[in-house]
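Let's take a walk through a protein together, starting with its overall build and then stepping inside. Keep the structure open beside you as you read.

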Amino acid sequence: MRQKQDEGKARSGDYEEVALLTRVAAEEMDAFEALYRMYHPRLERFVRGMTKQPGLAEEIIDDTMMVVWRKAYTFNHTAKVSTWIFAIAYRQSLKSLRGIDSTVEFDQDEHGGSTATGPEDELQTLELRRHLDDALQTLSAEQRAVIELTYYFGYGCREIAEIVDCPVDTVKTRMFYARRKLKNVLASHREAI
């Protein structure tokens, strides 16, 4: 019963997003603003996670939403609106990453405050986050995107394949190699301690 209610809510949200995008295609600015507000937090998390370039995030989100504004009329209803928008964000992120290769520092504000109870627990939590962030940096942008879309946004392989415009088997392969690399990097860090 609970599952049917959740599915009903999801479908209702899909219809609402399709209706908003249809209004955006008709160049209704208030619909675009509502869509922008709805997607900004999710896109920010995705873009920051994928690019590891906090300074680029807003620019990429703005570029993504400009494409949505200009191309809303091309949405063909074969995918969910969120899949279509995340696919645009993915391509915009890759486009922005071309030629960029720099070290990214751990940003405590970006990763939220700690729920640890004492100073030692807090330090341990920060260390773990730093090591995980360092491990994610060893992945290619394509592998990071698959990890982000799976673990932070809950997309399945088929939806990720639509977003990143590749076969489902390629998504699975990227996930396999990303997990293996993360496991090795984190294991070698643990051994170093």
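Helices here are DSSP runs of H or I with at least four residues, numbered from the N terminus. By that rule, Ala 89 has its place in helix H4, and we will come back to this residue later on. Please bear in mind that what you see is a predicted model.

Let's begin with the overall plan. The protein has eight helices and zero strands. If you follow the chain from the N terminus, the elements read α-α-α-α-α-α-α-α. Of the 193 residues, 35% are buried. Now think about contacts between residues at least 6 apart in sequence: 66% of these join residues that are at least 24 apart.

Next, let's look inside. The largest nonpolar core contains 49 residues, and the members that touch the most others are Leu 21, Leu 35, Phe 46, Phe 86 and Leu 149. Which elements give two or more residues to this core? They are helices H1 (2-25), H2 (29-51), H3 (54-71), H4 (81-97), H5 (119-137), H6 (141-151), H7 (157-164) and H8 (168-192). Helix H4 gives the most, with ten residues.

You can get a feeling for this core by picking out Leu 21. Setting aside residues up to four places away in sequence, Leu 21 touches Leu 35, Val 68, Ala 72, Phe 75, Val 81 and Trp 84.

Since H4 gives the most residues to the core, let's visit some residues of this helix. Ala 89 is a good place to start. Is Ala 89 buried or exposed? Its relative accessibility is 0%, so Ala 89 counts as buried. Apart from residues up to four places away in sequence, Ala 89 touches Leu 43, Phe 46, Val 47, Ile 60 and Thr 64. Ala 89 and Met 65 are 24 residues apart along the chain, and their C-alpha atoms are separated by 8.4 Å.

Ile 88 is also in helix H4. With a relative accessibility of 4%, Ile 88 counts as buried, because buried means under 20% relative accessible area. Leaving out neighbours within four places in sequence, Ile 88 is in contact with Thr 64, Val 67 and Val 68. From Ile 88 to Ile 60 there are 28 residues in sequence, and the distance in space is 9.9 Å, C-alpha to C-alpha.

Ser 96 is found in H4 too. At 17% relative accessibility, Ser 96 counts as buried. Beyond residues up to four places away in sequence, Ser 96 touches Leu 56 and Ile 60.

Now let's turn to the rings. The structure holds eight aromatic pairs. One of them brings together Phe 86 and Tyr 155: their ring centres are 5.5 Å apart and their planes stand at 65°, so the pair is edge-to-face. Phe 86 lies in helix H4, while Tyr 155 lies in the loop between H6 and H7, so this pair ties together parts that are 69 residues apart in sequence. Phe 86 is buried, with a relative accessible area of 0%, and Tyr 155 is buried as well, with 9%. These two rings also belong to one aromatic cluster, formed by Phe 46, Phe 86, Phe 153 and Tyr 155.

Some rings have a charged partner over their face. Arg 42 lies over the face of Tyr 39, at 4.2 Å from the ring centre. Arg 45 lies over the face of Tyr 152, at 3.6 Å from the ring centre.

Arg 45 leads us to our last stop, the place where two helices meet. How do H2 and H6 pack? Their axes are 8 Å apart, at an angle of about 145°, and the crossing is right-handed. On the H2 side you will find Arg 45, Phe 46, Gly 49, Met 50 and Thr 51, which meet Ala 141, Arg 144, Ala 145, Glu 148 and Leu 149 in H6.

Gly 49 is worth a closer look here. This glycine has its place in helix H2 and is buried, with a relative accessible area of 0%. Not counting residues up to four places away in sequence, Gly 49 touches Arg 144 and Glu 148. Gly 49 and Leu 149 are 100 residues apart along the chain, and their C-alpha atoms are separated by 9.5 Å.

Definitions and conventions. Residues are numbered from 1 along each chain as its sequence is written. This is a predicted model: local features need pLDDT of at least 70, side-chain atom pairs count only at pLDDT 80 or more; totals for chains, interfaces and linings use all residues. Side-chain values use heavy atoms; hydrogens and water are left out. A nonpolar core is a set of buried Ala, Val, Leu, Ile, Met, Phe, Trp, Tyr and Cys residues joined through side-chain atoms within 4.5 Å. Buried means under 20% relative accessible area, exposed over 50%, partly exposed in between (1.4 Å probe, protein chains only). Contact means heavy atoms within 4.5 Å. Rings of Phe, Tyr and Trp (its six-membered ring) pair if their centres lie within 6.5 Å; planes under 30 degrees apart count as stacked, over 60 as edge-to-face and the rest as tilted. A charge sits over a ring if NZ of Lys or CZ of Arg is within 6 Å of the ring centre and within 35 degrees of the ring normal. Axes are lines fitted to C-alpha atoms, for helices over the stretch in contact, and angles run from 0 to 180 degrees between N-to-C directions. A crossing is left-handed if the near helix is turned anticlockwise from the far one by less than a right angle, and right-handed if clockwise.
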